[in-house]
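Please describe the overall build of the chain shown here, its nonpolar cores, and the setting of one loop residue.

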Amino acid sequence: MSKQFLTDSKALPFCKGCGHTGVAQNTERALQQLGYDPLDVIFVTDIGCHGIIDKNLVSHTVHGLHGRSVAIAGGIAAGLPKDSNKKVIVFIGDGGATIGMQHLMIAAHHNFSMTVIVHNNMLYGMTGGQPSEFTPEGFNTPTTPHRSSAGAIDICKVAEAAGAAYVSRIFGIGNFTAELAEAFSQPGFSLVEVMELCTSYGLKSNPGMKLKNLIEEAEIEFIKYTNETKKSSELPDYEGHRLSLITDQLVIPQEYTADSTHKISILLAGSAGEGTQSAAEFLARTAMLSGLHVTRKSHVPVTVGVGFSASEVIISKEPIYYTGSSKPDYILITSKDGLEYAMPRLTNGYKSIVYMDATLQTPETASEIHIIPMREKVGARNAALLSVFKLVTDSRMLSMESMISAYSQHKLAAKLPIDTFLDQLT
Ligand SMILES: Cc1ncc(C[n+]2csc(CCOP(=O)(O)OP(=O)(O)O)c2C)c(N)n1
Ligand code: SF4
Ligand SMILES: [Mg+2]
């Protein structure tokens, strides 16, 4: 049989007798039997001796970090169309499966369409033969020559419990093409644990040992498990998922004109749950209705429901290339949290124009302070909105018409007549 998935020009790179050779050869035959084209197969290999097969493969190959190949393959599988004829195969060692066991469980849980071949030679071959969590009792390694092992983790049971569609453990010497072909043809997530030997470190540490005998003595069973529900109906559907939390750029057609020509930056600083963000959006929409460029950059603590809530709005006739300002032209402060947040800008020597709620203590500042009883007049939840009404009216940076129009689209408009705010402006 001529090779299709492995190149003819290079010998396999493994030591004489290494079990990885058998996995590569049986994989070649299984894929040929199933009629795959080499360019329809994506191999994701892990760090370790088994992973140096890359240069022999004629299919697509991706080489992952140690233990992370399954996560990479999961991303590839999730990105393929549901009716794709592509086959994703992971080559990983017992060391990589130990290090990346969580990725394996998650891939099985989500039933990503792929086959993971765990090359279980019971030690970390590439780094000198240290034991992995798959090293069974009675199997010595160079660093554990008289090993009293805790026993091996049963990766098949782990994958089964996590929800894999198909799991098998097979003997990795001789012809196991049919077993691999069966796994490759499963829909959803399949895992095959191939029991094999590192002839360099495994045999040296266990002279005369036969793989079959070790497996019997360690009571490792060859098993096959199929989850019919997962196979038939539960392939994940990622269509319609949002790929980003960033919202689309807001487009608002111009209806009004604005007199202001220069760039104006405004910092709104208040408390979570008191309408600071929606007041900032209201200001941004008013400016956009007037055909201006606007940016809005929000700041909240990690605990979004408590503490400060701040937003920096920049309004300009020209495009804006930087969204923040350490020296705002205006600062609108409606709560104690907001005052604390704004303090570095109030004490940096810059002369901002500040609208501050009457309940707050005036700080030492070079800025021009205007005290307004916003919370008392319209309530804590509407104080930020009133500060915007006040700013736009006093500064005349935008027209009253554009503000009235923006308010008609505001979520508060149905509950709170605009006069609630306009009455406070005189
Ligand atoms: C996160 C991380 N830890 C450790 C290593 C070092 N390292 C490279 S190969 C290897 C052992 C690989 O063993 P296994 O996955 O069983 O593959 P094998 O060599 O036996 O085929 C280790 C520990 C690494 N590259 N990255
Ligand atoms: S060191 Fe062991 S695992 Fe690595 S290629 Fe040689 S026999 Fe195989
Ligand atoms: Mg190994």
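The report below moves from the whole chain to its cores and then to a single loop position.

This is a predicted model, and its chain holds 15 helices and 15 strands. Because the radius of gyration is 33 Å, well over the 22 Å that the globule rule gives for 426 residues, the chain is more spread out than a compact globule. The C-alpha trace spans about 95 × 45 × 40 Å along its principal axes. Of the 426 residues, 44% count as buried, and among contacts with a separation of 6 or more, 66% are made by residues 24 or more positions apart.

The table sets out two nonpolar cores of the chain.

| Core | Residues in core | Members, including |
|---|---|---|
| Largest nonpolar core | 60 residues | Val90, Met114, Val116, Ile117, Ala159, Ala164 |
| Another core, apart from it | 46 residues | Leu292, Ile333, Met356, Met397 |

In the largest core, the six residues named in its row are those that touch the most other members. One of them, Ala164, touches Ala108, Ala159, Phe189, Ser190, Leu191 and Asn227 when residues up to four places away in sequence are not counted.

Where does Ile246 lie? Ile246 is found in the loop between helix H9 (228-233) and strand S10 (264-271). Ile246 counts as exposed because it has 7 C-beta neighbours inside 10 Å, and a residue with 12 or fewer falls in that class. From Ala159, one of the residues named for the largest core, Ile246 is separated by 87 residues in sequence and by 35 Å in space, C-alpha to C-alpha.

Terms used
Residues numbered from 1 in each chain as written. Chains lettered and ligands numbered in written order. Predicted model: local features only at pLDDT ≥ 70, side-chain atom pairs only at ≥ 80, totals over all residues. Helix = DSSP H or I, 4+ residues; strand = E, 2+ residues; numbered from the N terminus. Rg over C-alpha atoms; globule rule 2.2 N^0.38 Å. Buried ≥ 20, exposed ≤ 12 C-beta atoms within 10 Å, placed from the backbone. Contact = placed C-beta atoms within 7 Å. Core = buried A, V, L, I, M, F, W, Y, C linked by C-beta atoms within 7 Å.
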